[in-house]
Structures are given as C-alpha cells and as structure tokens.
Amino acid sequence: MDLPPEHPRGALAVADRRDTREADFAAYLAARQASLLRTAYLLTGNRHDAEDLVQTAFAKLYLAWDKVRDRGSMDGYVRRILVNEHNSLWRRAWKRREHSAADEMLHALDRPHQDAHDDGVGAALWEVVQTLPRKARAVVVLRYYEELSEGETAAVLGISVGTVKSQTSRALAALRERAPQTLNPRASEEDDR
C-alpha cells in the first residue's frame, strides 16, 4: 500500500502563515470597515463612490499587508490610501465627463438620512463643506471628523504641518463665508440680546 507523500515542512509553514495572514486581515476589515466607509463618504460626497474607494483601499492594503510592520499605524496607512486614491480618481479624465440626469438623481438619493430630531443644520453644513476644494475638504475631514492632530493629518496627506494649518485656516474661512447666517451659532446669541 502506498502512503501519501509527506508535506514538506516549508509548505505547511507557508500555509499556516497564509491562514494567519487571512485571519488577521479579515479581523481588521471587520473592525474598521464602517469607520473607513464614513471617512470615504465625507471625502467623496456619495455612498457609491465611497464604497468603491474603500474597496480599492482594502485591496491595496491586502497586497501590502505583509509590508506594514507597525500594526498600530495601520489606520493611518489606510487613510493615506483613501486620500491618495480619492485624489488620483478625480484627476482621471473619465471622472470629469458630464453626468446624466439619472446620475444626478442617484446622487440626490445618496444624501444622508436625517433623523426626526435633526433640525437640518447637519445637512446644510455638509452642503457647504461639499463646496470646498477636494484637498481642503480632505484636511477638514481628517482634522475635525477623524480628529487627527495636525501632524497626523500632514502624514496622511503627505504634506507639511504648515500646509495643514494654512489649508485648515482657508477652509474654515471659506466655510464661515459660505455658510448661511442660520448656521452661525453667534447669530442666535445676538438675536437673544
């Protein structure tokens, strides 16, 4: 009777490493997908593009999974992929083509659901944020939504801390200028006087 050939030890070790790698990646994906989808939504402005962006980011992360040595910096690495991929997508010529009326209706349906207690301020503010240039919007999202420090934001975007500060300053000034008076918290204080 012939016995099956024994697996070489190297092949078993590779299979075990691959299984561990797959399990680690799946655990990270499950833990961070929702948060990264929210960040991508804030960068892109609609759900479909955000889902595509997150899927691309996770695909790129999977390919580089073994290269990322510091697992503690994984979130920063993925945010960097999101921002870089988002910036490269809008530069491509096919993304600048005209959109049909059907596309515009789909984008209108993508707007976030508002709970009954929301007085519309969040949606109104989001519309104003959408008027910012993409890089300024990325700085605002990373600084105020993701609550990253100036240094962390600079590292994710690949720019200097000074650039983060100036982009933030300009973005906030533009938001103050463009926002309707009803969004100004100081306006309600002045009306009470």
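Of the 193 residues in the protein chain, 30% count as buried. The model is a predicted one, and its secondary structure is easy to sum up: nine helices and zero strands. Read from one end of the sequence to the other, the pattern is simply α-α-α-α-α-α-α-α-α. The chain exposes about 13200 Å², with carbon and sulfur atoms supplying 53% of that area. As for how the chain meets itself, 65% of the contacts with a separation of 6 or more come from residues 24 or more positions apart.

Confidence comes next, since the model is predicted. The mean pLDDT of the chain is 77, and 68% of the residues reach 70 or more. Among the elements, helix α2 (residues 47-64) has the highest mean pLDDT, at 92, while helix α4 (residues 101-109) has the lowest, at 43. Across residues 93-117 the pLDDT is below 50, and this stretch makes 16 contacts in the model beyond near neighbours in sequence.

Aromatic rings are a good place to start on the details. The count of aromatic pairs comes to five. One of them joins Phe25 and Phe58 in an edge-to-face arrangement, 6.3 Å centre to centre and with 90 degrees between the planes. Phe25 lies in helix α1 (residues 9-44) and Phe58 in helix α2, so this pair ties together parts that are 33 residues apart in sequence. Both Phe25 and Phe58 are buried. For Phe25, the relative accessible area is 11%, and because buried means under 20%, Phe25 falls in that class.

Phe25 also pairs with Tyr62. Here the ring centres are 5.0 Å apart and the planes stand at 75 degrees; angles over 60 count as edge-to-face, so the Phe25-Tyr62 pair is classed that way. This pair, too, links distant parts of the chain, with Phe25 in helix α1 and Tyr62 in helix α2, 37 residues apart. Tyr62 has a relative accessible area of 25%, which makes it partly exposed. Taken together, ring pairs link Phe25, Tyr28, Phe58, Tyr62 and Trp65 into a cluster. Tyr62 has a charged partner as well: the charged end of Arg21 sits over the Tyr62 ring, 4.5 Å from the ring centre.

Further along the chain, helix α6 (134-145) has a run of buried residues: Ala136, Arg137, Ala138, Val139, Val140, Val141, Leu142 and Arg143. Two arginines, Arg137 and Arg143, are included in that buried set. Arg143 lies over the face of Tyr144, at 5.6 Å from the ring centre. Both Arg143 and Tyr144 turn up again in the surroundings of Thr168, a residue of helix α8. Leaving aside neighbours within four places in sequence, Thr168 is in contact with Val139, Arg143 and Tyr144. With a relative accessible area of 8%, Thr168 is buried.

The loop between α6 and α7 holds Glu146. Is this glutamate buried or exposed? At 14% relative accessibility, Glu146 counts as buried, because the cut-off for that class is under 20%. Not counting residues up to four places away in sequence, Glu146 touches Ser35, Thr39, Arg79 and Val141. Val141 is itself one of the buried residues of α6. Just after α6, Glu147 takes a positive phi of about 55 degrees.

Helix α7 (residues 150-157) follows, with Thr153, Ala154, Val156 and Leu157 as its buried residues. These cover an arc of only 165 degrees around the axis, which puts them on the same side of α7. Just after α7 there is another positive phi, at Gly158, of about 75 degrees.

Glu177, in helix α8 (residues 161-178), can be set beside Glu146. At 71% relative accessibility Glu177 counts as exposed, whereas Glu146 counts as buried. Thr168, in α8 as well, is buried. Finally, Glu177 and Val128 are 49 residues apart in sequence, and their C-alpha atoms lie 9.8 Å apart in space.

Technical notes
Residues numbered from 1 in each chain as written. Predicted model: local features only at pLDDT ≥ 70, side-chain atom pairs only at ≥ 80, totals over all residues. Heavy atoms only, no water. Helix = DSSP H or I, 4+ residues; strand = E, 2+ residues; numbered from the N terminus. Buried < 20%, exposed > 50% of the residue type's maximum accessible area, 1.4 Å probe, protein only. Contact = heavy atoms within 4.5 Å. Areas by Shrake-Rupley, 256 points an atom, 1.4 Å probe, with all protein chains shown as cover. pLDDT = per-residue confidence, 0-100. Arc of directions from axis to C-beta. Phe/Tyr/Trp six-rings, centres within 6.5 Å; stacked < 30°, edge-to-face > 60°. Lys NZ or Arg CZ within 6 Å of the ring centre and 35° of its normal.
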